[in-house]
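Please keep the model open while you read this note. Each point takes up one place in the fold.

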Amino acid sequence: MPQWGAGVMFEVTATDGGARAGVLHTAHGDVPTPAFMPVGTKATVKSLHPDEVREAGAHILLGNTYHLHFRPGEDVIAELGGLHAFMGWDWPILTDSGGFQVFSLRDTLLAVDDAGVTFRSVYDGDAARFTPELAAEIQAKLGSDIAMCLDVCPPAGVPPEELERAVRLTTTWAARQRESERSPGQLVFGITQGAADRDLRARSVEEITALGFDGYALGGLSVGEPRPEMVDAVEWAAPMLPADRPRYFMGIGDPDGILDVIARGIDMFDCVLPTRLGRTGTALTSHGRLNLRNARFARDQRPLDERCDCQACGRFTRAYIRHLVNQQELLALRLLSLHNLRFLLDVTLEARSAIEHGRLADFILEMRQRMASEA
Ligand SMILES: [Zn+2]
């Protein structure tokens with residue numbers, strides 16, 4: 001079982017500028033990094049069978065503590081053998097702490113104090129409370145391979161005093177969660193806050209890394225600030241994190257954003273984008289986004305992306321998928337989710353290979369030129 005400070009759970013195997021390729025060892029297997037983590041919010045990547053998610057190239061999934069705590073509850077999942085058995089996914093799982101949902105649903109927030117946060121559940125409106133100890137307990141019962149610390153994640157543009165308080169409480173809570181029990185073999189990652197404020201971020205990194213975790217996340221970015229500000233913050237914040245531990249950027253998943261954070265030394269990232277775009281009839285392709293509702297696809301016999309060999313692209317035309325989208329057929333959601341997932345996993349895999357060959361900058365340039373051009 002990995003121990004605090006043992007440093008054996010993560011290996012950097014190649015670097016290219018600030019970017020890294022590596023392998024993260026977990027209780028349910030190895031994860032090649034950089035790694036895109038599809039989000040299985042309610043113990044499912046919406047509309048997809050776990051084998052399809054695996055075959056698309058996913059090595060690790062993200063589960064949401066907030067949602068699983070309220071429905072069906074961590075005790076039910078623990079009784080049924082833990083989250084892996086419950087959802088039929090036998091590979092690595094990272095669970096978030098629930099903090100992001102609590103703080104992004106601002107209308108439901110009731111009070112934040114040194115010991116935790118009180119809020120109204122989105123399921124029944126009842127008052128509920130998360131503490132660092134409960135975040136640890138829920139994730140231990142779920143049995144995820146990687147548990148995240150409960151943090152205070154304010155939206156972009158809050159006053160400096162609110163940002164400072166978020167940094168202070170995030171450290172206080174992390175210290176308490178670190179002392180809580182974890183499930184066998186479970187890794188625990190600390191989260192740094194401070195938005196794009198360099199001094200506050202540096203303080204948060206210093207305090208959280210001093211506590212000692214298996215990996216570290218940049219939280220509180222990609223929460224509404226302008227993209228250039230976010231990219232700039234990753235540029236100086238990622239190198240502040242220990243080089244021998246995995247670095248996780250929370251909540252990014254568009255192709256441009258993935259390339260931006262990989263180039264700056266991020267190893268892991270997650271996003272609901274593949275399935276969310278699927279629900280709006282949108283495909284991510286090597287020539288940019290396609291809105292399948294557009295009439296120009298009505299007789300288009302090409303696959304979504306000629307460079308892709310997923311189950312959607314291998315058999316179906318844009319014209320057919322457009323028809324499914326317009327008729328709100330369930331298969332449209334499945335095919336678009338599957339393709340979008342595959343596309344983002346492929347981009348990540350190609351970036352990893354480019355890092356290994358010392359040509360990440362060229363790869364990013366080629367990728368961006370292609371995405372800006374018409375198919
Ligand atoms: Zn495809």
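1. Start with a pair of opposite charges. Arg 264 and Asp 260 form a salt bridge, and their closest N and O atoms are 3.8 Å apart. The model is predicted. Arg 264 is partly exposed, at a relative accessible area of 22%. Asp 260 is buried, at 12%. The cut-off explains the two labels: buried means under 20% relative accessible area, so 12% falls in that class and 22% does not.

2. This pair has company. Glu 235, Asp 256, Asp 260, Arg 264 and Arg 368 are joined into one network by salt bridges that share partners. In the whole structure the count comes to 24 salt bridges.

3. Next, look at Arg 318 and Asp 300. Their salt bridge has its closest N and O atoms 3.1 Å apart. The two residues sit in distant parts of the chain: Arg 318 is in helix α12, Asp 300 is in the loop between β16 and α12, and 18 residues separate them. Are these two partners buried or exposed? Arg 318 counts as buried, at 4% relative accessibility. Asp 300 counts as buried too, at 10%.

4. A further salt bridge uses that loop. The side chains of Glu 350 and Arg 307 meet at 3.5 Å, N to O. Glu 350 lies in helix α13 and Arg 307 in the loop between β16 and α12, so the pair ties together parts that are 43 residues apart in sequence. Glu 350 counts as partly exposed, at 31% relative accessibility. Arg 307 also counts as partly exposed, at 49%.

5. Now the metal. Which residues coordinate the zinc ion? They are Cys 308, Cys 310 and Cys 313, each through SG, and His 339 through ND1. The distances run from 2.1 to 2.4 Å. The angles among the four donor atoms are 97 to 119°, and the site is tetrahedral. A site with four donors earns that name if all angles lie between 85 and 135 degrees, so this one qualifies.

6. Read the zinc site along the sequence. The donor residues are spaced C-x1-C-x2-C-x25-H. Cys 308 belongs to the loop between β16 (288–291) and α12 (318–326), while His 339 belongs to helix α13 (residues 330–356). These two donors are 31 residues apart and link distant parts of the chain. Cys 308 is buried, with a relative accessible area of 11%. His 339 is buried as well, with 0%.

7. Turn to empty space. Rolling a probe the size of a water molecule over the atoms shows where such space is left. The largest pocket holds about 720 Å³. It is lined by 33 residues, and those closest to its centre are Phe 100, Gln 101, Gly 251, Asp 270 and Val 272. The elements α5 (99–104), β14 (268–271) and α11 (273–279) each give two or more residues to this lining. By class, the lining has 13 nonpolar, 14 polar and six charged residues.

8. The second largest pocket holds about 180 Å³. It has 15 lining residues, with Pro 34, Gly 57, His 59, Leu 345 and Leu 349 closest to its centre. Which element supplies the largest share of this lining? Helix α13 does, with five residues. β3 (29–33) and β4 (35–40) each supply at least two. The lining divides into ten nonpolar, three polar and two charged residues.

9. The structure also holds two cavities of 30 Å³ or more. The largest cavity has about 70 Å³ of space. Its lining counts ten residues, and Ala 136, Gln 177, Glu 181, Arg 182 and Val 188 lie nearest its centre. By class these ten are four nonpolar, three polar and three charged.

10. The second largest cavity has about 40 Å³. Pro 38, Val 39, Val 45, Cys 271, Val 272, Pro 274, Thr 275 and Leu 341 line it. β4 and α11 are the elements that give two or more residues to this lining. Seven of the lining residues are nonpolar, one is polar and none is charged.

11. Finish at helix α6 (residues 132–142). Its buried residues include Ala 135, Ala 136 and Ile 138. Gly 143 follows α6, and its phi is positive, near 75°.

Definitions and conventions
Residues numbered from 1 in each chain as written. Predicted model: local features only at pLDDT ≥ 70, side-chain atom pairs only at ≥ 80, totals over all residues. Heavy atoms only, no water. Donors = N, O, S within 2.8 Å, 3.2 Å for Na, K, Ca; no water. Tetrahedral: all angles 85-135°; square planar, octahedral: opposite > 155°, others 65-115°. Helix = DSSP H or I, 4+ residues; strand = E, 2+ residues; numbered from the N terminus. Buried < 20%, exposed > 50% of the residue type's maximum accessible area, 1.4 Å probe, protein only. 1 Å grid on protein atoms, 1.4 Å probe; cavity = no way out; pocket = protein on both sides within 12 Å on 5 of 7 lines; lining within 4 Å. Points joined across faces, edges and corners; volume = space filled by probe spheres on them. Nonpolar A, V, L, I, M, F, W, Y, C, P; charged D, E, K, R; others polar. Salt bridge = Lys/Arg side-chain N within 4 Å of Asp/Glu carboxyl O.
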